[in-house]
Amino acid sequence: SKNNGVNGYSFYFDELHTDAQRVLLLDTELRKAIESREFELYFQPKVTMEDEQIQGLEALVRWRNDKLGFVSPGEFIPYAEETGLIIPLSEAIIEKACEAVIQMQQSGWKIPVAINISSIHFKQQNFLESVQAILERYNMPASNFEIEVTERTVMNSANETVSKLVRLKQLGFKISIDDFGTGYSSLSYLVRFPLDCLKIDRSFIQHICSLAEKQAVVDAIIQMAHRLKMKVVAEGVEQAQQVDILRKMKCDIIQGYYYSKPLPLNELMEFMEYWEIEHQG
Ligand code: C2E
Ligand code: CA
Ligand code: CA
Ligand code: CA
């Protein structure tokens, strides 16, 4: 953002000037970072409500750069989408996810990893082929992965979208709708699409304890999803009170700081080991 550019320097300069400079630097450094695979994946556990098992992990990209410092995905993902850099970036992320699955398997873990797929990448003509090629290169079955796409991604150009989702399912991917509740209000697509999970956006979970309206919406989403044979993930859960309410509503899976922030792979595996000991029998 504006006032925390490179080492806080931008604060002292003309804002427009430094914003333009930062974008230029971001562009150069992002291209280099994709080439040199400067990114890292962090992983956040998804925990089942019923028996507190770690049922899956969400991969979230992290980027620390010499010149820019830590750049949040909230900044560089939209930029990568605007410039088309999201496609090589996304492919590099899928490769890193494959490497992480291999590392986990070597340590005895078999837990599906969810990958966020940008609509720009999803809508590429050769999206499926490119994903398949990466998995083949790593000799990875798709059943090790989940794909998270936003409501917005699947709302558009419905026929093509349905066939892409069907093919992804046939390959063995699980499919989740991310940020559910923030997109368009039409729900008709839910019936047509082969979806496994709905992830209720954090904005609904945030005020679930204080706002009756949010509670009503979340309750309705959960009931609808269950009738459509989908699981429900609550995103951004931070407090025990939220868990209590979500339990009463029969939410299936909890993800959020309440259990863990996204962690680098080695820390995550330590976390899971500790978790297993705490949650046995
Ligand atoms: P998202 O997919 O909705 O990811 C959830 C975001 O919420 C993550 O932020 C996560 O760190 C954060 N979060 C998780 N639990 C909590 C909580 O309890 N409280 C709060 N306040 N936040 C929580 P992050 O990692 O900064 O990512 C932001 C967005 O950037 C993601 O939203 C996603 O849209 C995008 N993104 C991140 N990694 C990737 C990636 O590998 N590929 C693509 N295409 N997009 C990504
Ligand atoms: Ca996500
Ligand atoms: Ca989300
Ligand atoms: Ca989000």
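**Acidic surface patch and calcium sites**

A negative surface patch is formed by E267, E270, E273 and E276 in this predicted model. Of these residues, E267 is located in helix 12, which spans residues 265-278, and E267 is partly exposed, its relative accessible area being 41%. Because patches are made of residues with over 30% relative accessible area, the value of 41% computed for E267 meets that requirement.

Acidic side chains also serve as calcium donors. The calcium ion (ligand 3) is coordinated by D178 through OD, by D179 through OD and by E235 through two OE entries, at 2.1 to 2.6 Å, and along the chain the donors of this ion follow the spacing D-D-x55-E. For the calcium ion (ligand 4), the protein donors are two OD entries of D179, which lie 2.8 to 3.1 Å from the ion.

The calcium ions are linked through shared aspartates. D179, a residue of strand 6 (residues 174-180), coordinates both the calcium ion (ligand 4) and the calcium ion (ligand 3), which are 3.6 Å apart. D178, in turn, coordinates both the calcium ion (ligand 3) and the calcium ion (ligand 2), and these two ions are separated by 3.9 Å. With regard to solvent exposure, D178 is buried, with a relative accessible area of 7%, whereas D179 is partly exposed, with a relative accessible area of 25%. The two aspartates are classed in this way because buried means under 20% relative accessible area, and partly exposed applies between that limit and 50%.

Terms used: Residues numbered from 1 in each chain as written. Chains lettered and ligands numbered in written order. Predicted model: local features only at pLDDT ≥ 70, side-chain atom pairs only at ≥ 80, totals over all residues. Heavy atoms only, no water. Donors = N, O, S within 2.8 Å, 3.2 Å for Na, K, Ca; no water. Helix = DSSP H or I, 4+ residues; strand = E, 2+ residues; numbered from the N terminus. Buried < 20%, exposed > 50% of the residue type's maximum accessible area, 1.4 Å probe, protein only. Patch = residues over 30% accessible without salt bridge, like charges linked within 9 Å, V, L, I, M, F, W, Y side chains within 5 Å. Areas by Shrake-Rupley, 256 points an atom, 1.4 Å probe, with all protein chains shown as cover. Salt bridge = Lys/Arg side-chain N within 4 Å of Asp/Glu carboxyl O. Lys, Arg positive; Asp, Glu negative; His and termini not counted. Charge placed at Lys NZ, Arg CZ, Asp CG, Glu CD.
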